Amino acid sequence: QVQLVESGGGLVQAGGSLRLSCAASGRAFSSYAMGWFRQAPGKDRELVAAISRSESSTYYADSVKDRFTISRDNAKNSVYLQMNSLKPEDTAVYYCAADRTVYSNYSPKAQYEYDYWGQGTQVTVSS
């Protein structure tokens, strides 16, 4: 089992940057593919980015491509989301999630694939 704790959210002006971090407790962090999701008020939770166990495969939603970067540090049991050129429509609660998988090069894209979730961190982008 793994516990996930997000940090790094906050209030930023449009065009600014934030870096979200997700720290995982427990062992075998490298056994998990990781993802970042977000949920805006009144909207469904959506996948923002995902990264495979080996970092060889990443996925980005079209809305964040070329602006956001997902990365991980297995030695630190952490996954990150660097968010640049932020827009008001990026405002949401951002969640970190973990998928225990045997596939080292797979970046899961569906919510049901993820086994563990963090509590979320609020990101607010002002115009």
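**Contacts, cores and burial**

Visitor: Which residues count as contacts of L81, leaving aside its neighbours within four places in sequence?

Guide: In this predicted model, L81 is in contact with L18, R19, L20, W36, V48, A49, F68, T69, I70 and Y94. The cut-off is heavy atoms within 4.5 Å, so each of these residues meets that limit with L81.

Visitor: What makes a group of residues a nonpolar core, and where does L81 stand in the largest one?

Guide: The members must be buried residues of the nonpolar types, joined through side-chain atoms within 4.5 Å. The largest such core has 30 residues, and L81 is among those with the most contacts inside it, together with M34, W36, V79, M83 and Y94. At least two of the core residues come from each of β3, β4 (32-39), β5 (46-51), β7, β8 (78-83), β9 (92-100) and β11 (121-126). A second core of six residues, including L47, Y95, A97 and Y114, is separate.

Visitor: Why is T101 called buried?

Guide: The relative accessible area of T101 is 12%. Buried means under 20%, so T101 qualifies. T101 is found in the loop between β9 and β10 (116-117). Apart from neighbours within four places in sequence, T101 is in contact with S31, A33 and R53.

Visitor: Why is S25 called partly exposed?

Guide: The relative accessibility of S25 is 32%. The class between buried, under 20%, and exposed, over 50%, is partly exposed, and therefore S25 falls in it. S25 lies in strand β3 and touches Q1, V2 and Q3, not counting residues up to four places away in sequence. From S25 to W117 the C-alpha distance is 12 Å, with their positions 92 residues apart in sequence.

Visitor: How do you know that β1 and β3 pair?

Guide: Pairing needs at least two bridges. Five bridges join β1 to β3 (residues 18-25), so the two strands pair. They run antiparallel. One of the bridge partners in β3 is S21, which is matched with S7.

Visitor: What makes β1 (3-7) and β7 (68-73) edge strands?

Guide: Each of them pairs on one side only. The sheet they belong to is open, with four strands in the order β1-β3-β8-β7 and antiparallel pairing.

Visitor: How many degrees are neighbouring strands of this sheet turned against each other on average?

Guide: The average is 15 degrees, with direction ignored.

How values were computed. Residues numbered from 1 in each chain as written. Predicted model: local features only at pLDDT ≥ 70, side-chain atom pairs only at ≥ 80, totals over all residues. Heavy atoms only, no water. Axes fitted to C-alpha atoms, helices over the stretch in contact; angles between N-to-C directions. Buried < 20%, exposed > 50% of the residue type's maximum accessible area, 1.4 Å probe, protein only.
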